[in-house]
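Trainee: Could you go through this structure with me before I start on my own notes?
Mentor: Gladly; have it open in front of you and ask as you go.

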Amino acid sequence: MNLKISKKKFIYLISPNKIYPQFYKDLKEILETGKVQFFQMRLKKYSLKEKILIGKKIQQICKKNSTKFLVNDDPILSKKLNADGCHLGQKDMDIKNARKIIGNKIIGVTCHNSIRLAKTAIKEKANYIAFGAFFSTTTKKVKFKATTKILNKAKKLTKVPIVAIGGINFNNYKKLLLNNANLLAISGYVWNNKNYKPIESIKKLK
């Protein structure tokens with residue numbers, strides 16, 4: 001499966017860590033802007049039952065707005081929700097086994113700051129590869145730092161879409177788009193922004 005990434009839809013939105021009462025309304029408004037290609041449900045502190053309930057609601061909103069719905073870390077949950085795919089970290093299941101579970105759906109892989117990991121992911125037919133963290137972030141602990149050099153190297157290797165992640169905001173996002181990132185994975189800038197509401201923060205990214 002070849003993913004076609006529209007230049008307008010350059011945002012890969014990751015869920016907040018906590019689903020707050022206003023979340024579904026905010027998500028609907030954000031997706032209606034037509035800027036979000038993928039939405040990833042990344043919930044570490046919820047039970048499977050809760051994730052299924054939340055996932056079903058998110059999926060409906062994604063479907064209405066032609067946004068691909070992915071599940072973080074968990075191909076089995078992805079299959080249960082009939083999501084569009086899943087995202088795998090380096091400590092998660094490998095692509096081959098994930099494919100056995102979800103079939104010909106989207107599988108993306110975290111490659112940190114490593115071309116070696118990217119080559120492996122490409123060989124195993126990942127649908128996209130993700131690098132980061134490019135900037136400091138409060139969403140998760142940063143063990144790996146990436147620079148734009150890796151985006152440019154990766155672009156020479158493959159036509160597979162490249163995702164940049166980590167501390168991306170209004171002040172730095174253009175630099176990544178200009179250096180071969182096809183998609184920008186964003187979370188904290190949208191959900192934990194002290195200056196702007198989620199919809200306002202997305203509208204600032206043009």
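Mentor: What follows is a talk through salt bridges, some buried residues and a pocket.

Trainee: What kind of model is this, and how are the residues numbered?
Mentor: This is a predicted model, in which local features need pLDDT of at least 70 and side-chain atom pairs count only at pLDDT 80 or more, while totals for chains, interfaces and linings use all residues. Residues are numbered from 1 along each chain as its sequence is written, and side-chain values use heavy atoms, with hydrogens and water left out.

Trainee: OK, how many salt bridges are there?
Mentor: The count comes to three salt bridges, a salt bridge being a side-chain nitrogen of Lys or Arg within 4 Å of a carboxyl oxygen of Asp or Glu.

Trainee: Which residue does lysine 25 pair with?
Mentor: Lysine 25 meets glutamate 29 at 3.4 Å, N to O, and both lie in helix 1 (residues 23-31), four residues apart, about one turn of the helix. Helices here are DSSP runs of H or I with at least four residues, and strands are runs of E with at least two, numbered from the N terminus.

Trainee: Are those two side chains buried or exposed?
Mentor: Neither label fits, as glutamate 29 is partly exposed at 30% relative accessible area and lysine 25 is partly exposed at 49%; buried means under 20% relative accessible area, exposed over 50%, and partly exposed in between, with a 1.4 Å probe and protein chains only.

Trainee: And what does lysine 28 pair with?
Mentor: Lysine 28 forms a salt bridge with glutamate 32, the closest N and O atoms being 3.1 Å apart. Lysine 28 is partly exposed at 44%, and glutamate 32 is partly exposed at 47%.

Trainee: Where does aspartate 73 come in?
Mentor: Aspartate 73 forms a salt bridge with lysine 44, with 2.7 Å between the closest N and O atoms. That pair links distant parts of the chain, 29 residues apart: lysine 44 is in the loop between strand 2 (36-41) and helix 2, and aspartate 73 is in the loop between strand 3 (68-72) and helix 3 (75-80).

Trainee: Switching topic, what is odd about lysine 51?
Mentor: Lysine 51, which lies in helix 2 (residues 48-64), is buried yet has no salt bridge, and the nearest side chain of opposite charge, aspartate 74, is 5.1 Å away. For charge, Lys and Arg count as positive and Asp and Glu as negative, while His and the chain ends are not counted.

Trainee: So what does lysine 51 touch?
Mentor: Leaving aside neighbours within four places in sequence, lysine 51 is in contact (heavy atoms within 4.5 Å) with Met41, Leu43, Tyr46, Leu77 and Leu81.

Trainee: How about alanine 118, buried or exposed?
Mentor: Alanine 118, in helix 5 (residues 115-123), is buried with a relative accessible area of 0%. With neighbours up to four places away set aside, alanine 118 is in contact with Cys111, Ile129 and Phe131.

Trainee: Last one, what lines the second largest pocket?
Mentor: Its lining includes Leu3, Ile5, Phe10, Pro161 and Lys206, and the lining residues divide into six nonpolar, three polar and three charged. Here Ala, Val, Leu, Ile, Met, Phe, Trp, Tyr, Cys and Pro count as nonpolar, Asp, Glu, Lys and Arg as charged, and the others, Gly among them, as polar. A pocket is an open set of points on a 1 Å grid over the protein atoms alone, where a 1.4 Å probe fits, with protein on both sides within 12 Å along at least five of seven lines, and lining residues have an atom within 4 Å of a point.
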